[in-house]
Amino acid sequence: MTGSLLETMLSLTIVIPMLATLGIIVTGSNPNLREIVSLLASLLVLILVVNIYQAYDQGESISVFWLEVIPGITLSFRAEPLGILFSLVSGFLWPITTLYSIGYMRAHHEKNQTRFYACFAVAIAGVMGVAFAENLFTLFIFYEILTLSTYPLVTHSGTEKAKQGGRVYLGILLSTSIAFLLVAIIGTWQISGTLDFSSGGVFPENTSTSILSILLVLFVFGIGKAAMMPFHRWLPAAMVAPTPVSALLHAVAVVKAGVFTVLKVVVYIFGIDLLQTLPATQWLLYLAGATVLLASLVAMRQDNLKARLAYSTVSQLGYITIGALLAVSAGIIGGAMHIAMHAFGKITLFFCAGALLFVGQRQYHRVTTNRRQLEQVVLAGGHTGRRSNAVNGCFANKLFAQYCLPDANTGPRVLFRQG
Amino acid sequence: MLATHLPVLQVIIPLLAAPLCVLLQHPRMVWYFALLVSAAAFVTSVLLLQQVLETGEISYALGGWAAPWGIEYFIDSLNAYLLLIVTSISTIVLLAAQTSLAKELPDDRHTFFYIAYLLCLAGLLGIVATGDAFNVFVFLEISSLSSYALIALGKSRKALIASYQYLIMGTIGATFILIGIGLMYMATGTLNMQDLALRLADIPESRTVYAAFAFFIVGVCIKLALFPLHQWLPNAYAYAPSVVTAFLAATATKVAIYVLIRFMFTIFGVDFFTTTGPWQNMLLVLALFGILTASTVAIYQNNVKRLFAYSSVAQIGYMILGFSIGTAGGLIATLLHLFNHALMKGALFMALAAVTYRVGSVELESFRGLGKRMPWTMASIVAGGLSLIGVPLTVGFISKWYLIVALLEKGWWFVVGLILLGSLLAVIYVWRILEAAYFSPPENNPDETPEIREAPLSILLPVWILVFANLYFGIDTRLTVDVSRLIAQGFFGVSP
């Protein structure tokens, strides 16, 4: 394929969801047409990311430049392995979630469905932008777009509880990104004079380690979407959203955008060699480990099924952060793999939780009383998982056993093994 | 031929047009006329900026009397930039004036309004265009007196008190400025700015000069509403007619900041500012207090106009903060924020004009449910609010970026933290409006109040021009950044 075609394709992965948003708003009065727009856009994006992957696999270098906002700081995109992986995961799960949403939203007679699908499409554009961002600035912009576009999804139901959850959601995500991440980005710009992701890091050799440590801490806490404790509260709060949102966005897109950003920063801004020498790395590793354990413990005590899954996500994100902060290539690979694995596993679980919700079982303990229903769901869940990927299927099943089986012993046991 | 007279035409057109309004009693006719005049001023300012960027500074001797005997009009890139801000906002605001005023002002007052408006415009342009210190004071009084009148035209009777408050504070400020200028004249024997700069540099430490400086700085800080001298501003903005608020918020305080920059950097010189006395630290501390206090107070306001008025006080804090850094980078941040804040607050206050037009009130309560009933107006408040917070791809982000970079150059990490705290406070106060508009059920049954629907195009159009500008200049920063750099280069000698 020619270079310019590939460039266009890269741009289109972001432009198509944006256009879909317009299409969804225009066709809002006709639900069937509106859903066709959503589905069509999601399939197109899937085809695009698969093609980009294949082209990259054949050694093509794909990058595209949009515009220069401040001299030296551009809005531009580049396909690189981590981003391709993330975009493939999100691109593959978007059409599936769209199908699920159509059923879910209609069955629940949810209001404002046009707003729902429109915001969903904007969020996907944000995800693609994050995945392919060539520099921190571009990444930051799409990171914020993702935050803002998912807010109306979280508060979708409009109840007092949803508003409350929305406040926590937006409050934590926006404030960490403005108060920490932005400072870290500007600090990086100030020290290194560039924001481009480049292998081996961007900082000049003689930068003091204490400043770099501060920057690393600012980055890790600033990327609130990675849900590192103590900035994880937004994720359980986001569970007031309709289930498809929790499934794709709060188990896959948003949280993975967070840990993906952590990985990118570690690999392409600091560089793993430099990271190993920083004193802050060690402390952050402990914190990430604590997040894994504590969130798992909290998850065990959650009665609400979705809250339980949310805390489990916090814990799983901790693994990826650990992988990144270990600053060895195996850790990076492990972290990147877990982005995909956990995505497939967790989305399956959420779909199941949504199905249970539909038959009126929101609480964990209620699920235990309705064994037959659960068995059906377990079967369905396991099946979905297995179909997507053999290894992953096991993974999903394992998780499923861990959190949803009404057997009181299994949960702690698996957790223990994990911890 | 005409091109050589541009500096004076810039001021004289609105100044002469103002009294001519008396001849046009019909509200619509006088509106057309004022709009035409403002548009002419806008075209003049664009031509001036072009001319300055191409050929450098323009000096124009008024009436052919050469400076220092005559009054000189002096336009460099800083003046041209400010003229552009004032005239463009004035023209855009006027687009909506006729419709908005129809609901807020009796028909027979419209002529008064346009007279005062054009006089205010002439005053502001005069302050910026002139190269004579005393002339600055004269035009300052013209613009102030007419703005007192404009504010007093507000619908509520409280507007009279607000206007009176402003009158008292404004007069004290103007008097201080006059005393400052008088002392400068005493020390140097000249009023021409270029001459003042030359002669002040030769005077060794002198109490007269210090006193002049102190009087002047306090006077200007009252006019630009620097915390804690901002008391007049919230009421004035809250009770003035909607279009007046939009116009004054976007231009008047900016012009006062221009005066501060001009006197500080051109006349007294950068060295005087950074090495003599505690000016820098004083302004820095007041700016920070202003940002944090005013933002916090804004959170607790229930009148949205007043809320944005307090937010303006906070934003002025950002501008003064950049200025107080005393580096080229800091000045660039201030200049960018002058322009960018004019766009944000212009858009927001115009959107409030639309709300006033349909709902009749800007209390937070009456915003409930407007997200559905006035979607375009509320969307513009979302865009303006995001810009105020400093979300990327809006102008607010660009200002904040340059401000933080300037602070980091100095190594002031602590201040960076406080600025970002200010941004978070902005999130909260913008938030309260959006929550009311989008997530609260309407106050009264929509079927019973069919008059609450989307605002008319004549108001929406200027609102969206400004919203578009908010986004455009947040993405394509060439014009604003290049001009700001050029100006900073002029003062600091080096390209940052």
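**Exercise 1.** Is B:Thr188 buried or exposed?

*Solution.* Start with the ground rules. This is a predicted model, in which local features need pLDDT of at least 70, side-chain atom pairs count only at pLDDT 80 or more, and totals for chains, interfaces and linings use all residues. Residues are numbered from 1 along each chain as its sequence is written, chains are lettered from A and ligands numbered from 1 in the order in which they are written, and side-chain values use heavy atoms, with hydrogens and water left out.

Step 1: take the cut-offs. Buried means under 20% relative accessible area, exposed over 50%, and partly exposed in between (1.4 Å probe, protein chains only).

Step 2: apply them. B:Thr188 has 10% relative accessibility, so B:Thr188 counts as buried.

Step 3: place the residue. B:Thr188 is in helix 6 of chain B. Helices (H or I, at least four residues) and strands (E, at least two) are DSSP runs, numbered from the N terminus.

Step 4: list the neighbours. Contact means heavy atoms within 4.5 Å. Not counting residues up to four places away in sequence, B:Thr188 touches B:Leu196, B:Arg199, B:Leu200 and B:Ile203. A polar atom of its side chain also lies 2.7 Å from the backbone oxygen of B:Met184.

**Exercise 2.** Compare the spans of helix 5 and helix 6 of chain B with their expected values.

*Solution.* Step 1: the expected span of a helix is 1.5 Å times one less than its number of residues.

Step 2: helix 5 (residues 133-152) of chain B has 20 residues and should span 28 Å; its end C-alpha atoms are 29 Å apart, which agrees.

Step 3: helix 6 (residues 158-188) of chain B has 31 residues and reaches 45 Å from its first C-alpha to its last, close to the 45 Å expected.

Step 4: look at the ends. A side-chain oxygen of B:Asp132 lies 3.0 Å from the backbone nitrogen of B:Phe134, and B:Asp132 caps the N-terminal end of helix 5 of chain B. B:Gly189, with a positive phi near 80°, follows helix 6 of chain B.

**Exercise 3.** Classify A:Leu153, A:Ser101 and A:Asp196 by relative accessible area, and give their contacts.

*Solution.* Contacts here leave out residues up to four places away in sequence.

Step 1: A:Leu153 is in helix 5 (residues 136-154) of chain A. Its relative accessible area is 0%, so A:Leu153 is buried. Its contacts include A:Phe116, A:Cys119 and A:Pro242.

Step 2: A:Ser101 lies in helix 3 (residues 81-107) of chain A. A:Ser101 counts as buried because its relative accessibility is 2%. A:Ser101 is in contact with A:Arg106, A:Phe116, A:Tyr117 and A:Pro244.

Step 3: A:Asp196 lies in the loop between helix 6 (160-192) and helix 7 (209-222) of chain A. With a relative accessible area of 34%, A:Asp196 is partly exposed. A:Asp196 touches A:Glu134, A:Asn135, A:Val202, A:Tyr268 and A:Ile269.

**Exercise 4.** How many helices and strands are in chain A, and what percentage of its residues is buried?

*Solution.* Step 1: chain A has 17 helices and 2 strands.

Step 2: of the 419 residues in chain A, 61% are buried.

Step 3: among contacts in chain A between residues at least 6 apart in sequence, 77% join residues at least 24 apart.

Conventions
Polar contact = N/O pair within 3.5 Å; in protein donor to acceptor, adjacent residues only side chain to side chain.
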